[in-house]
Amino acid sequence: MKRLIFLIVITVAANAHAFCGFYVAKGDAKIFNRASQVAIVRDGDHTVMTMANDFRGDPREFAVVIPVPTPIERGQIHVADKALIDHLDAYSSPRLVEYFDYDPCMAYDRAERSMAPMSVGAAAKDSAQARARSLGVTIEASYTVGEYDILILSAKQSNGLEIWLRENGYTIPNGASAVLGSYIRQNMKFFVARVNLAEQAKLGFSYLRPIQVAYDSPKFMLPIRLGTVNANGPQELFIYALTKNGRVETTNYRTVKLPTDVDVPMFVRDEFAPFYKALFSEQVRREDMSSVFLEYAWDMNWCDPCAADPLSREELRKLGVFWLGNDDRGGAQDVFLTRLHVRYDRAHFPEDLVFQQTGDKRNFQARYVLHHAWTGSSDCPGARDYQRELRNRWEREAVNLSHLTGWTISNVRKKMNIASLAPPLDKKGKRWWESLW
C-alpha cells in the first residue's frame with residue numbers, strides 16, 4: 001500500500017534600533033522538522049501556488065491530495081525549481097545582526113556597522129473510469145507533468161472518494177472522511193499527485209521538486225485540515241505571500257508579530273538555531289498554539305540588513321509573479337513579500353487558513369541584536385560610565401533572552417559568565433545597598 005501524505009495547500013521590552021547592522025546569522029525553515037513551505041502569488045482572483053515539503057524517503061511512498069477551488073487544466077500545472085523556495089526562505093528568514101561599541105572617550109556616530117507509471121491499456125482505463133463513476137468519483141483530467149502523475153478528481157460523497165483512494169493503493173488515515181466531506185460540500189475539486197518513477201529517472205532528479213498550480217478563485221485560502229489527519233504531532237508551515245499592495249494576514253486566526261529588535265547576549269551568535277527554535281516555541285506556547293506569526297514583511301526592491309539578495313525579476317516570474325514585465329530591468333518592482341510561520345495541529349487549528357491582503361507596506365523583520373563591548377584602554381569619565389553601564393546592559397540582555405525563550409535566568413547568566421560579577425555601581429559610584437543606611 002502506498003502511504004498518502006496529505007499536504008497543506010489548496011493542502012519584552014527592548015531598546016529600539018534602526019534597521020542596519022551587520023547580518024551574521026539567520027533562522028531559516030531548515031532548522032525545523034516536518035516543515036512545509038508554500039509560496040502564494042496573489043492579485044485579484046489570480047493565484048499561483050508553489051508547494052514544497054520536506055518528504056524524505058522512497059518516492060514510491062509519496063502522494064499528495066490537495067483540495068482546489070476550481071477544475072485544473074494541464075497548462076495550469078508546472079514543476080518548479082526548489083532553489084526558488086530556498087532563496088525566498090533565505091531572504092526572509094529571522095536574522096541576527098551585530099553592532100560594535102566605540103571608544104567612549106571619542107566623539108563618534110554609532111556605526112551600524114510512488115508510484116509506478118499510470119500508463120494502462122484502453123480497456124483497463126475505461127474500467128477504472130467506470131469504477132470511479134460507480135463510487136461517485138469523476139476523474140476530470142489526468143496529466144503527467146515533470147516527474148508527477150496528476151489526477152483532477154471531483155466527488156459526490158466522502159465515502160466514495162475514500163473507497164476510491166483505498167482501492168487505488170492509498171492508505172487513508174482515520175478521520176479523513178469527515179474532512180474530505182467538508183471540501184466536497186464546498187464543491188471543491190481534488191488535485192492528486194504521485195511520483196512517476198520512470199519520468200523521475202529520465203529527468204535525473206534525486207529529490208521531489210515543488211509543484212505549482214495557477215488558478216482563479218475569489219477564495220484566498222490555504223486548506224490545512226487534511227494535513228492534520230495523519231500527522232504525528234504538530235507541523236511547521238511557512239507561507240511566503242507575494243502581492244502588489246501590502247502585507248498579508250489571516251482573518252480567521254490572529255496574526256501576531258514576533259518580538260523583534262531585542263538585544264541578546266553574545267553567545268547567541270554561535271547558537272542562533274537553538275535560540276530561534278526556543279524563541280518560536282515559547283511564543284507558540286504563550287499564544288496557546290492558536291495564532292499565525294509574522295516573521296517578515298518587506299518591499300522586495302531592497303532589504304536591510306540582507307540575509308540574502310532580493311529575488312531577481314526572472315526568479316519572481318518563475319514563482320508566478322504575473323504582473324511583472326518581461327524586460328530585464330533591475331529590481332523587484334511592485335512585489336511585497338509577507339512571511340508567515342504557523343505551528344499547527346488538529347486540535348488548535350480546526351479551520352483552514354483564510355487570508356486577506358492589506359494596504360500595510362510598513363517594513364517588519366524578526367531581528368535580534370548583538371552588541372560587542374568596547375575593550376580599549378582609554379580612561380576618561382565617559383569610559384568609567386561606560387564600564388558601569390556595561391554590567392547593566394549584560395543583565396538586560398540576560399533578562400531579554402530568558403523572556404524570549406523561557407530559558408531560566410540563572411542558566412543564562414551562568415552561560416554569559418556574569419553570575420559571579422559584582423553588582424554594578426550606581427551613578428554615585430556605590431553599590432546599591434551602600435545608600436540604604
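User: In this model, does Met289 count as buried or exposed, and what is its relative accessibility?

Analyst: The model is a predicted one. Met289 is found in the loop between α7 and β18. Buried means under 20% relative accessible area, and Met289 therefore counts as buried, with a relative accessibility of 14%.

User: What is the phi of Met289 near?

Analyst: Met289 is a residue other than glycine, and its phi is positive. The value of phi for Met289 is near 45°.

User: Which aromatic pair links helix α7 to strand β18?

Analyst: Helix α7 covers residues 272-286, and strand β18 covers residues 291-299. One ring belongs to the helix and the other to the strand, 13 residues apart, in distant parts of the chain. The two residues are Phe280 in α7 and Phe293 in β18.

User: Why is the pair of Phe280 and Phe293 edge-to-face?

Analyst: A pair of aromatic rings is described by the distance of the centres and the angle of the planes. The centres of the Phe280 and Phe293 rings are 5.3 Å apart. Planes over 60 degrees apart count as edge-to-face, and the planes of Phe280 and Phe293 meet this condition because they stand at 70°.

User: Are Phe280 and Phe293 buried or exposed?

Analyst: Phe280 lies in helix α7 and Phe293 in strand β18. Both residues, Phe280 and Phe293, are buried.

User: What is the angle between the ring planes of Phe322 and Trp323?

Analyst: The ring centres of Phe322 and Trp323 are 5.1 Å apart. The pair is edge-to-face because of the angle between its planes, which is 85°.

User: Which of Phe322 and Trp323 counts as buried?

Analyst: Phe322 has a relative accessible area of 36% and is therefore partly exposed. Trp323 has a relative accessibility of 17%. Buried means under 20%, so the buried residue is Trp323.

User: How many aromatic pairs are there, and which residues form one aromatic cluster?

Analyst: The count of aromatic pairs comes to twelve. One aromatic cluster is formed by Tyr91, Tyr296, Trp298 and Trp302.

User: Over which ring does the charged end of Arg225 sit?

Analyst: The charged end of Arg225 is 4.7 Å from the centre of the ring concerned. That ring belongs to Tyr183.

User: How are α7 and α9 oriented to each other?

Analyst: Helix α9 spans residues 381-405, and its axis is 7 Å from that of α7. The two helices pack at an angle of about 60°. This angle is neither under 35 degrees nor within 65 to 115 degrees, and α7 and α9 are therefore oblique.

User: Which residues make the contact between α7 and α9, and how do they divide by character?

Analyst: On the α7 side, the contact is made by Phe275, Ala278, Leu279, Glu282, Gln283 and Arg286. On the α9 side, it is made by Leu401, His403, Leu404 and Thr405. By character, the residues of this contact are five nonpolar, three polar and two charged.

User: With which residues is Thr405 in contact, leaving aside its neighbours within four places in sequence?

Analyst: Thr405 is found in helix α9 and counts as buried, at 7% relative accessibility. Its C-alpha atom is 8.5 Å from that of Lys277, although the two residues are 128 residues apart in sequence. With its neighbours within four places left aside, Thr405 is in contact with Phe275, Ala278, Leu279 and Glu282.

User: Which residues does Lys189 touch, not counting residues up to four places away in sequence?

Analyst: Lys189 is found in strand β11, residues 189-195. The residue is buried, with a relative accessible area of 18%. Not counting residues up to four places away in sequence, Lys189 touches Ile66, Pro67, Val68, Thr70, Pro71, Glu140, Ile152, Leu153 and Ser154.

User: What separates the C-alpha atoms of Gly160 and Ala132?

Analyst: Gly160 is found in helix α3, residues 158-167, and is buried, with a relative accessible area of 3%. Leaving aside neighbours within four places in sequence, Gly160 is in contact with Leu135 and Val137. Gly160 and Ala132 are 28 residues apart along the chain, and their C-alpha atoms are separated by 8.4 Å.

User: Is Asn417 buried or exposed?

Analyst: Asn417 lies in the segment after α10, and its phi is positive, near 60°. At 56% relative accessibility, Asn417 counts as exposed.

Notes: Residues are numbered from 1 along each chain as its sequence is written. This is a predicted model: local features need pLDDT of at least 70, side-chain atom pairs count only at pLDDT 80 or more; totals for chains, interfaces and linings use all residues. Side-chain values use heavy atoms; hydrogens and water are left out. Rings of Phe, Tyr and Trp (its six-membered ring) pair if their centres lie within 6.5 Å; planes under 30 degrees apart count as stacked, over 60 as edge-to-face and the rest as tilted. Helices (H or I, at least four residues) and strands (E, at least two) are DSSP runs, numbered from the N terminus. Buried means under 20% relative accessible area, exposed over 50%, partly exposed in between (1.4 Å probe, protein chains only). A charge sits over a ring if NZ of Lys or CZ of Arg is within 6 Å of the ring centre and within 35 degrees of the ring normal. Axes are lines fitted to C-alpha atoms, for helices over the stretch in contact, and angles run from 0 to 180 degrees between N-to-C directions. Angles under 35 degrees count as roughly parallel, over 145 as roughly antiparallel, 65 to 115 as roughly perpendicular and the rest as oblique. Contact means heavy atoms within 4.5 Å. Ala, Val, Leu, Ile, Met, Phe, Trp, Tyr, Cys and Pro count as nonpolar, Asp, Glu, Lys and Arg as charged, and the others, Gly among them, as polar.
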